[in-house]
Amino acid sequence: MEFTVKQIATLLGGEVAGNDTLAITKLAKIEEGRPGDISFLSNLKYEPHLYTTQASAVIVDRSFQPRKPVEAALIFVENSYSAFTRLLEEYHQRMSFARVGVEQPAFAGDGAQFGEQVYRGAFSYVGRNCRIGHNVKIYPHAYIGDNVRIGDNTIIHTGARILDNCIIGQYCVIHPNAVIGSEGFGFAPQPDGTYKTIPQLGNVILEDFVNVGSNTTIDCATMGSTIIRQGVKLDNLIQIGHNVEIGKNTVIAAQTGISGSTKIGENCTIAGQVGFAGHLTIANGTKVGAQSGVGKNVYEEGTALNSSPAFGLKESMRSLAVFRRLPDLERRLTDLEKKTEK
């Protein structure tokens, strides 16, 4: 994929100093740049690399003033980091959506309908009565169950599984080996100590712009829907139980587990290895530190939690500081007891 420096500057709303006809074929770190590459300078710690890089072009802030001659063409923008991120998004989108057509063998069940510019990779499976939107990309070995709906411009990566009756919005990304709509963990204890399986009859709904990481599992609802709202970003290796709801623009890091029927609000930030008990309500804007265990409702918006069981961040940090000093405190207490006895 090839662009000129001028084309990139136009995309980013920037101005060029230097040769704007140079061809750009690759994005690279500034210290690793080669002819044909474009990079960026945001952290001035890397400024020395600007004067030695072999990259053809470098994106910099408008306020930046080089202290030495620069061989590369410079693209001046308001914020170089944001501009380079925009360029990465554009490059990734063009790469991701380049494929069109059906590779063989690929299967589609009776009544399945497909929009325009759809890609279906080899060994992909699409079940009966599915509705697949425009420009959807279904990579090899992906599985789409019966009665599934997938919105425009969504990408289903290799090995992903979307089971029966699930609904996927527009501009979603389902990464390799994610499972959407697997059976929820529902078992009724019996008098003899055994467990009887409770049928899970619901589905999963992913609204628009949701990302689901590799090996993440989202269970279908017992009845109704497990719902992941617009803009949610899920890391790899996350478990989301049946009938969970996750609010808009919440981000959740790897190895987090959310038990059934818990409702997490909008714009929450959940770090890695957090555990949520079932049937909780978590307020908008809640932040939870890594390896915390959340066993109680959070009603106040913007609350920050830490530790297991999780409690207030400030109190948790104070407690940890005391915990580290316990051996010394024990020694001092013992010495004080001896003096008191004397």
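## Two sheets and some helix pairs

Helix α1 (residues 5-12) packs against helix α3 (residues 80-96) at an angle of about 110 degrees, with 10 Å between their axes. Angles of 65 to 115 degrees count as roughly perpendicular, so that is what α1 and α3 are to each other. On the α1 side, the contact is made by Ile8, Leu11 and Leu12, and on the α3 side by Ala83, Arg86, Leu87 and Glu90. Sorted by class, this α1–α3 contact has five nonpolar residues, two charged ones and no polar ones. One thing to keep in mind while you look around: this is a predicted model.

### The whole chain

Stepping back, the protein's secondary structure adds up to five helices and 40 strands. How does its radius of gyration compare with the globule rule for 342 residues? The radius is 26 Å, well over the 20 Å that the rule gives, so the protein is more spread out than a compact globule. The C-alpha trace spans about 80 × 75 × 30 Å along its principal axes.

The protein is divided into domain 1 (3-97), domain 2 (160-305) and domain 3 (314-341). The C-alpha centres of domain 1 and domain 3 lie 55 Å apart.

### The five-stranded sheet

Now for the sheet that α1 sits on. This is an open sheet of five strands with mixed pairing, in the order β2-β7-β6-β5-β4. Which strands stand at its edges? They are β2 (15-17) and β4 (26-27), and each has a single partner strand, so one side of each is left without a neighbour in the sheet. Helix α1 packs on this sheet, touching β2, β5, β6 (57-61) and β7 (73-77), and its direction makes about 10 degrees with that of β7.

Follow the pairing inward from the β4 edge. Strand β4 runs parallel to β5 (residues 37-40), and two bridges join them. Here lysine 26 stands opposite aspartate 37 of β5. On to the next pair: β5 and β6 are also parallel, with three bridges between them. Isoleucine 38 has alanine 57 in β6 as its bridge partner.

### The twelve-stranded sheet

There's also an open sheet of twelve strands, again with mixed pairing. Its order is β8-β11-β14-β17-β20-β25-β28-β31-β34-β37-β39-β40. The edge strands are β8 (101-102) and β40 (311-312), and each of them pairs on one side only.

For a look inside this sheet, take strands β17 (residues 155-156) and β20 (residues 173-174), which run parallel and are joined by two bridges. Isoleucine 155 stands opposite valine 173 in β20.

### The second helix pair

What angle do helices α4 (residues 313-324) and α5 (residues 326-341) make where they pack? The angle is about 60 degrees, and the axes are 5 Å apart. That makes α4 oblique to α5. In this contact, Val322, Phe323 and Arg324 of α4 meet Leu326, Pro327 and Leu329 of α5. By class, the α4–α5 contact has five nonpolar residues, one charged residue and no polar ones.

Here are the two helix pairs side by side:

| Helix pair | Angle | Axes apart |
|---|---|---|
| α1 (residues 5-12) and α3 (residues 80-96) | about 110 degrees | 10 Å |
| α4 (residues 313-324) and α5 (residues 326-341) | about 60 degrees | 5 Å |

Methods:
Residues are numbered from 1 along each chain as its sequence is written. This is a predicted model: local features need pLDDT of at least 70, side-chain atom pairs count only at pLDDT 80 or more; totals for chains, interfaces and linings use all residues. Side-chain values use heavy atoms; hydrogens and water are left out. Two strands pair if DSSP finds at least two bridges between them. Helices (H or I, at least four residues) and strands (E, at least two) are DSSP runs, numbered from the N terminus. Axes are lines fitted to C-alpha atoms, for helices over the stretch in contact, and angles run from 0 to 180 degrees between N-to-C directions. Angles under 35 degrees count as roughly parallel, over 145 as roughly antiparallel, 65 to 115 as roughly perpendicular and the rest as oblique. Contact means heavy atoms within 4.5 Å. Ala, Val, Leu, Ile, Met, Phe, Trp, Tyr, Cys and Pro count as nonpolar, Asp, Glu, Lys and Arg as charged, and the others, Gly among them, as polar. Domain bounds come from an automatic or database domain assignment. The radius of gyration is taken over C-alpha atoms; the globule rule is 2.2 Å times the number of residues to the power 0.38.
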